[in-house]
Amino acid sequence: MTNAGAVNTRAVVLDILTEVLENEQYGHLIINSALKKYQYLSKQDRAFIDRVAQGTIEKKITIDYIINLYSSVLVKKMKPVIRNIIRMSVYQIVFMDGIKDYAVCDEAVKLAKKRGFAQLKGFVNGVLRNISRQKGNIEYPNSKANMIQYLSVKYSIPQWIIISWQNEYSDADIEDMLKAFEEKRPTTIRCNKMLNSLDELKKKLDKEGIKYEPAAYIPYALNIYDYNYLEELECFEEGAFQIQDVSSMLVGLVASPKKGDTVIDVCAAPGGKTVHIADLLEDTGYVEARDILPNKVLLIKENISRNKLNNAMAVVKDALVLDEEAIEKADIVLADLPCSGLGILGRKPDIKYNMTPEKQEDLVKLQRSMLEIVCQYVKIGGHLIYSTCTINQKENIENIRWFADNYGFEFESLDNVLPKELHSKTTAKGYIQLLPGKHNCDGFFIAKLKRIK
């Protein structure tokens, strides 16, 4: 698993970790870019890169706790290259089977030398061999003595996030969410019903040797397995399906557009909700997908084109700038607004290290500023669909209640559009908070409001 031709897979992982953990780049983008660059590697090598990079990022707090127990130099005092070589090696030693510890240590020493730190090879070797000897005896924090530290170290999550959740959820619910974030997540796809039926899609997947099973809540969604490089699949290229989490698909169900509706998706990238709504409109109506960044709009355009949609368009527009031509023109406004992202830590674990309480408060204010503007695009009698991929009440129910109280909108029940298994006291009132561990999807908040004046 070390070399394929001239490619050292551990060196690829180290470069990923440097970008994500030192330079605060988005983990999913950096990993996807690396896997795309090295798509010619074997499935086994690409899986190794993905597993070690994702795992090291996801378990960083746990790994740093272990290193600090057995190293004479604290993690934060180490040189970045050495820090990340040791991190990725500890992940392999403690959390992976099938790789001999001595091989992990040897490869770490080689990598340190190749990166110009031959003088530290003894330090790297000593720390890793010490952890290898002691890995069955590591003393983790005790839940009864300190629940916050226990959850933080066991599930590798910053303590401030746990403290903020304790104001809203029980410790048992928090631990259930954290367990769910660590579970292996399938890739979920939504059948593009304008191009093929679900049965036709299944036949196409069968032809390409892709395994699948029904996804939760959405009758035309599947979880897929055993594929190598998704973008090389013929049925992907021809637009037979869209990659999208079930929680995101539920936004389309809540919106429930009628044929001929005009829909504005104000923060649309990468475009999953846009193409879902366009598909539900069955080649009628019009969906305008907006985003502030041209490169993101290009991504939406690619999705629209691949899905062969005639009723959707992507444009560069800022949700904080009033578009006077759009005032009261939309039957539906989709407002999936920027948020802390703490509901999708299972997919993007680096979010938890880059988010701060101050950033979260800024996002609450940003959401309100955007709502004040984009609500003006909704016709009287039309709907605003508010959604976020987080589980923080300030960004969710508190913000949307503030909005409803001040801007002439009222909540509308979701029970006539959501599957019965999701019905609750809150869905009858017009909103749902989806929680990992409780619901079979990402953490997500969705509310539906009707403009009454």
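**View 1. The lining of the largest cavity in this predicted model****.** Nine residues need finding here, and they come from several parts of the chain's numbering: Glu58, Tyr155, Ser156, Ile157, Leu178, Phe181, Glu182, Leu345 and Lys352 line the largest cavity. The volume of this cavity is about 70 Å³. Helix α10 gives the largest share of the lining, three residues. Sorted by class, the lining has five nonpolar residues, one polar residue and three charged residues. The model holds three cavities of 30 Å³ or more.

**View 2. The second largest cavity and its lining****.** This cavity has a volume of about 40 Å³. Gly27, His28 and Ile31 are among the residues that line it. Gln54 and Ile57 also belong to the lining. Arg347, Pro349 and Asp350 complete the list. Two helices, α2 (27-37) and α3 (43-58), each supply at least two lining residues. Helix α2 provides the largest share, three residues. The lining counts three nonpolar, three polar and two charged residues.

**View 3. The second largest pocket****.** The volume of this pocket is about 430 Å³. Its lining is made of 22 residues, and those closest to the pocket centre are Tyr169, Thr426, Gln433, Leu435 and Lys438. Three elements give two or more residues to the lining: α10 (171-182), α18 (397-406) and β13 (431-434). Helix α10 thus appears in this view and also in the lining of the largest cavity. Nine of the pocket's lining residues are nonpolar, seven are polar and six are charged.

**View 4. Strand β8, enclosed by the rest of the structure****.** Strand β8 covers residues 286-291. Five of its six residues are buried, so the strand is largely enclosed by the rest of the structure. Strand β8 has paired strands to look for: β7 and β9. In a regular strand, side chains alternate between the two faces of the sheet.

**View 5. Strands β7 and β8, with helix α14 between them in the unit****.** Strand β7 (residues 262-265) pairs with β8 in the parallel sense. Four bridges join the two strands. To pick out one bridge, start at Ile264: its partner in β8 is Glu288. Helix α14 (residues 272-280) joins β7 and β8 in a β-α-β unit. The unit is right-handed.

**View 6. Strands β8 and β9, with helix α15****.** Strand β9 spans residues 312-316. Its pairing with β8 is parallel and runs over five bridges. Look for Arg290, which stands opposite Val315 in β9. Helix α15 (residues 294-306) belongs with β8 and β9 to a β-α-β unit. This unit is right-handed.

**View 7. Helix α1, mostly covered****.** Helix α1 runs over residues 9-22 and has 14 residues. From its first C-alpha to its last, the helix reaches 19 Å. That is close to the 20 Å expected at 1.5 Å a residue. Of the 14 residues, 10 are buried. Thr9, Arg10, Ala11, Val12, Val13 and Leu14 are among the buried residues. Further along the helix, Ile16, Leu17, Val20 and Leu21 are buried too.

Technical notes. Residues are numbered from 1 along each chain as its sequence is written. This is a predicted model: local features need pLDDT of at least 70, side-chain atom pairs count only at pLDDT 80 or more; totals for chains, interfaces and linings use all residues. Side-chain values use heavy atoms; hydrogens and water are left out. On a 1 Å grid over the protein atoms alone, a cavity is a set of points where a 1.4 Å probe fits but cannot get out, and a pocket is an open set with protein on both sides within 12 Å along at least five of seven lines; lining residues have an atom within 4 Å of a point. Grid points are joined across faces, edges and corners, and a volume is the space filled by probe spheres set on the points. Ala, Val, Leu, Ile, Met, Phe, Trp, Tyr, Cys and Pro count as nonpolar, Asp, Glu, Lys and Arg as charged, and the others, Gly among them, as polar. Buried means under 20% relative accessible area, exposed over 50%, partly exposed in between (1.4 Å probe, protein chains only). Two strands pair if DSSP finds at least two bridges between them. A crossover is right-handed if, with the strands pointing away from the viewer, the path from the first strand over the helix to the second runs clockwise. The expected span of a helix is 1.5 Å times one less than its number of residues.
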